[in-house]
Structure formats: C-alpha cells, structure tokens
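Student: I am new to this structure, and I would like a close look at one part of it, with the rest brought in where it helps to set the scene. Please take your time and connect each step to the next.

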Amino acid sequence: MPLGGVKVLEFVGLAPGPLCGKILADFGASVTRIDKVLDNSMDVLHHGKRTVVVDLKKAAGQQIVQQLARKYDVIVEPFRPGVMEKLNLGPDLLCSANPRLIYARLTGFGQHGRLAPRAGHDLNYAAVSGVLSMLGRKHEKPTAPINLLADFAGGSVMCALGICLALLERHKSGKGQVVDAAMVDGAAYVASWLFMSRKLDIWGQGQQRGTNLLDGGVYFYDTYETKDGLFMSVAALEPQFFSLIKERLNLPQELSQYGEEHQVQGRQLLTDIFLTKTQAEWSEIFEDVDACVYPVVDWQKVQNHDHNAARQSFGRVDDNWAPRPAPRLCRTPGKLRSSTQFDVKSFLDELDIKPEKLRQLQEEAVLILPNRPKL
C-alpha cells in the first residue's frame with residue numbers, strides 16, 4: 001500500500017485528528033492511537049488502528065511517548081499550542097531526538113496569531129476563514145455545511161496532505177518537519193476558487209450571498225422537493241442541459257435562464273412540476289439524458305444506489321456502511337479497515353523495556369494495553 005511501513009502516533013482528540021489518522025491508515029500506515037481510555041465510544045474512526053492508554057501527565061508516561069517517537073515517522077496531535085510542550089512532548093524535543101520525525105499539529109487557529117490559543121469549533125473556524133460568509137440563502141443567515149468545511153476538508157484532509165508532502169520531501173532531504181495544519185487556513189485554501197473567481201460573470205454585481213449562479217441564486221441550479229417528500233438536484237448551468245430540462249419538463253419555450261422575471265417564474269414552475277411525481281419517477285424520466293438532474297440520495301440508502309453499488313463505493317465496517325477510501329489508485333489502492341488486533345509483542349519491542357518495568361507501568365496505570373501481557 002502507498003503508506004506501507006510508515007508508523008504514525010495519533011494523539012486522540014475530536015473528529016478531525018481521527019479522520020486524518022484514518023486516511024493514513026486506509027492507505028497502509030501503521031497508526032497507534034494514544035488515548036485516555038481503551039474504549040472511546042466518541043471516536044468512530046478508530047478502525048485499522050491500535051490503541052494504548054498512556055498517562056501523559058506522569059513523567060513515566062511522557063518517557064513512553066518519547067521512546068516511541070524515536071522510532072516513528074509521524075506524530076499527529078490536536079491540542080492547542082503549548083500543550084505538548086508542557087508535557088515535554090513538543091516538536092523541539094522530539095524532533096531533535098528523531099530528525100526524520102514529521103510532527104503534524106492539527107488545530108483550529110494554527111500555532112501563532114492572536115487567536116492561536118483560543119477554543120473554537122468548525123463553525124467558528126469557517127467563520128474566521130471568510131468562507132462561511134459565502135454560504136446560505138439570500139436574506140438568510142450564513143449556514144455551515146455541518147462540520148465538513150473546517151473540521152474535515154480544511155483540517156483532516158489538508159493535514160493528511162501536509163504529512164504526505166513532508167514524507168515525500170523527506171526522501172530528498174532525509175529530514176522531517178513540523179506541519180502547521182490550521183483549520184482556518186485549510187478551509188480558506190479549499191475555497192481558493194471562490195476567492196479568486198470574483199471577477200467572473202458567475203458572480204453578480206453586488207456579490208451578495210445567495211444571489212449568484214452557484215449559491216442558490218438561480219432556479220436552474222437548486223434542489224426541488226418531489227411528491228414523496230424527497231428531493232431532486234438540478235444543475236443545468238450550460239444551455240444544452242437547460243434545453244433538455246425544458247423539453248423533459250415541458251417548460252414554456254420563452255423561459256430563459258437569465259433575467260429576474262425568469263428567475264421568479266422558473267423557480268415557481270420547477271417547484272410545482274417536481275411536486276407532481278415521486279423521486280423514483282423523476283429519476284426514471286432523466287435516466288437516459290444528460291440534463292444534470294439526479295436524485296438527492298438518502299445517506300441511509302446510498303449504498304443501494306446502482307452507480308454506487310456497481311463501483312462498490314461503500315463497504316461494511318462492524319454494523320455500519322462506510323465510504324471506501326478515495327481516490328482509487330489502480331495498483332496500490334486504499335483499503336477500508338476493520339478493527340485491528342493489537343500485537344502486544346511488536347508494541348513492547350518498540351518500547352524496548354524490561355518486563356519488570358512494564359509491570360510497574362501497568363500497576364501504576366501509566367500504560368494500559370488492550371491485551372495485558374502475562375509477565
């Protein structure tokens with residue numbers, strides 16, 4: 001697998017860090033989670049990783065991490081700036097002991113700046129990034145796409161990319177480096193096109209949220225409810241697609257894509273027309289035509305959609321359906337991981353400690369392993 005042989009220490013936090021670790025694990029990295037408890041029901045992205053509990057507030061626990069860091073390639077930590085330094089686990093110390101170490105710091109506001117030490121969540125990071133101001137309907141408040149934008153796109157994915165870039169660069173330099181993955185930065189970066197396209201005609205003169213081509217401002221790029229309470233997505237931006245929609249929906253020939261009067265008329269027409277049939281019926285009507293009209297597939301049934309089923313885009317993990325790793329590499333694809341058996345012996349080899357010391361660490365609850373070895 002692409003990341004086979006890469007060893008990662010993931011300090012468990014909220015969802016962005018675990019998804020970053022999952023991406024690395026799905027593509028072959030060996031990921032060890034350092035958590036406060038063995039059974040963390042809040043971390044639903046632990047599959048394919050092994051878990052140990054280490055008391056980082058104790059010197060002996062800090063020494064365990066320091067020992068592991070000498071033999072690992074990557075660290076992913078999600079804490080506010082300064083926390084790891086107070087635990088004697090900061091990058092200056094660990095990277096000096098292991099110059100090849102890639103130390104990824106996944107935070108909301110980054111390692112410096114006025115807001116760096118402050119608390120926040122996805123909504124706050126998306127707000128400060130400037131992207132949230134672009135999202136939402138006209139005359140309505142900004143609306144975030146759940147926590148996809150900052151937590152996962154700007155956080156997890158950008159951090160995983162940074163780690164992979166640092167690994168690639170290490171092949172040339174032989175040196176690791178610190179990856180400062182701030183969710184505010186990442187959310188803005190994935191929205192680069194939205195920032196840099198403002199002189200294009202797709203944006204109105206005032207560029208007010210919800211009045212433009214791609215943000216709900218036009219009736220031919222929107223979603224519409226169907227007779228059975230489901231929805232269809234309509235994205236007929238190009239004239240050839242719009243012509244096909246007019247044909248299939250039997251819309252008036254004089255109806256145009258542009259002009260305020262056409263927006264009002266078109267939105268009402270599509271609203272009324274889509275309510276006359278079920279989602280399945282509309283899907284059948286548009287099945288054999290490239291009009292950019294597709295059903296809004298319910299997340300609980302997405303694995304049954306014929307396209308997704310044919311590509312096997314979803315697989316079973318425990319009792320849940322989960323997306324398979326993307327993108328797909330033709331020779332060395334990622335693999336959807338299930339729960340991993342903890343190999344106690346290999347972990348103890350990494351620690352390089354004597355049985356007497358291990359017994360002491362366990363008795364003092366400095367180190368807790370899933371399968372307590374017999375000593």
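Tutor: A term is needed before we begin: helices and strands here are DSSP runs, a helix (H or I) having at least four residues and a strand (E) at least two, and they are numbered from the N terminus. With that in hand, a first position to find is L251, which lies in the loop between α9 (239-249) and α10 (260-274). Please keep in mind throughout that this is a predicted model.

L251 makes a useful exercise in reading a loop residue. Its relative accessible area is 5%, and since buried means under 20%, L251 is buried. Setting aside the neighbours within four places in sequence, L251 is in contact with I245, K246, L269, L270 and I273. A distance along the chain can also be set beside a distance in space, for L251 and D215 are 36 residues apart along the chain, and their C-alpha atoms are separated by 23 Å.

Before turning to the part I have chosen, let us set out the whole. The protein has 14 helices and 12 strands, and its C-alpha atoms fill a box of roughly 85 × 45 × 35 Å, taken along the principal axes. Of its 375 residues, 43% count as buried. Among the contacts with a separation of 6 or more, 62% are made by residues 24 or more positions apart.

The part for our close look is the packing around helices α2, α13 and α14. Two packed helices are described by the angle between their axes and the distance between the axes. For helix α2 (residues 59-69) and helix α13 (residues 344-351), the axes come within 8 Å and cross at roughly 95 degrees. Angles of 65 to 115 degrees count as roughly perpendicular, and α2 and α13 are therefore roughly perpendicular to each other. The residues that meet at this crossing are I64, Q67 and L68 from α2, and F347, E350 and L351 from α13. Sorted by kind, the residues of this contact divide into four nonpolar, one polar and one charged.

Helix α13 also holds a residue that is open to the outside, since K345 has its place in this helix and, at 59% relative accessibility, counts as exposed. To relate K345 to another part of the chain, one can look to D228, which is 117 residues apart from K345 in sequence and 57 Å apart in space, C-alpha to C-alpha.

Now follow the chain to helix α14 (residues 355-363), where L358, L361 and Q362 are buried. These three cover an arc of only 95 degrees around the axis, which puts them on the same side of α14. On the other side of α14, E356 and E363 are exposed. What covers the buried residues of α14 includes α2, α13 and β12 (367-368), and this brings us back to the two helices whose crossing we have just examined.

Just after α14 comes A365, in the loop between α14 and β12. Most residues other than glycine have a negative phi, and most peptide bonds are trans. The phi of A365, however, is near 60 degrees, a positive value in a residue other than glycine. At 38% relative accessibility, A365 counts as partly exposed.

Elsewhere in the chain there are features that can be read in a similar way. D318, in the loop between β10 (314-317) and β11, has a phi near 55 degrees, which is again a positive value in a residue other than glycine, and at 48% relative accessibility it counts as partly exposed. In the loop between β11 (320-323) and α13 one finds P327, and the peptide bond from A326 to P327 is cis, with omega near 0 degrees.

One last point concerns the cysteines. A disulfide is a covalent bond between the sulfur atoms of two cysteines. This structure holds zero disulfides. C330 is accordingly in no disulfide, and the nearest cysteine sulfur, which belongs to C164, is 17 Å away. C330 is exposed, with a relative accessible area of 78%, whereas C292, at 22% relative accessibility, counts as partly exposed.

How values were computed: Residues are numbered from 1 along each chain as its sequence is written. This is a predicted model: local features need pLDDT of at least 70, side-chain atom pairs count only at pLDDT 80 or more; totals for chains, interfaces and linings use all residues. Side-chain values use heavy atoms; hydrogens and water are left out. Axes are lines fitted to C-alpha atoms, for helices over the stretch in contact, and angles run from 0 to 180 degrees between N-to-C directions. Angles under 35 degrees count as roughly parallel, over 145 as roughly antiparallel, 65 to 115 as roughly perpendicular and the rest as oblique. Contact means heavy atoms within 4.5 Å. Ala, Val, Leu, Ile, Met, Phe, Trp, Tyr, Cys and Pro count as nonpolar, Asp, Glu, Lys and Arg as charged, and the others, Gly among them, as polar. Buried means under 20% relative accessible area, exposed over 50%, partly exposed in between (1.4 Å probe, protein chains only). The arc is that of the directions from the helix axis to the C-beta atoms. A disulfide is a pair of cysteine sulfur atoms within 2.5 Å.
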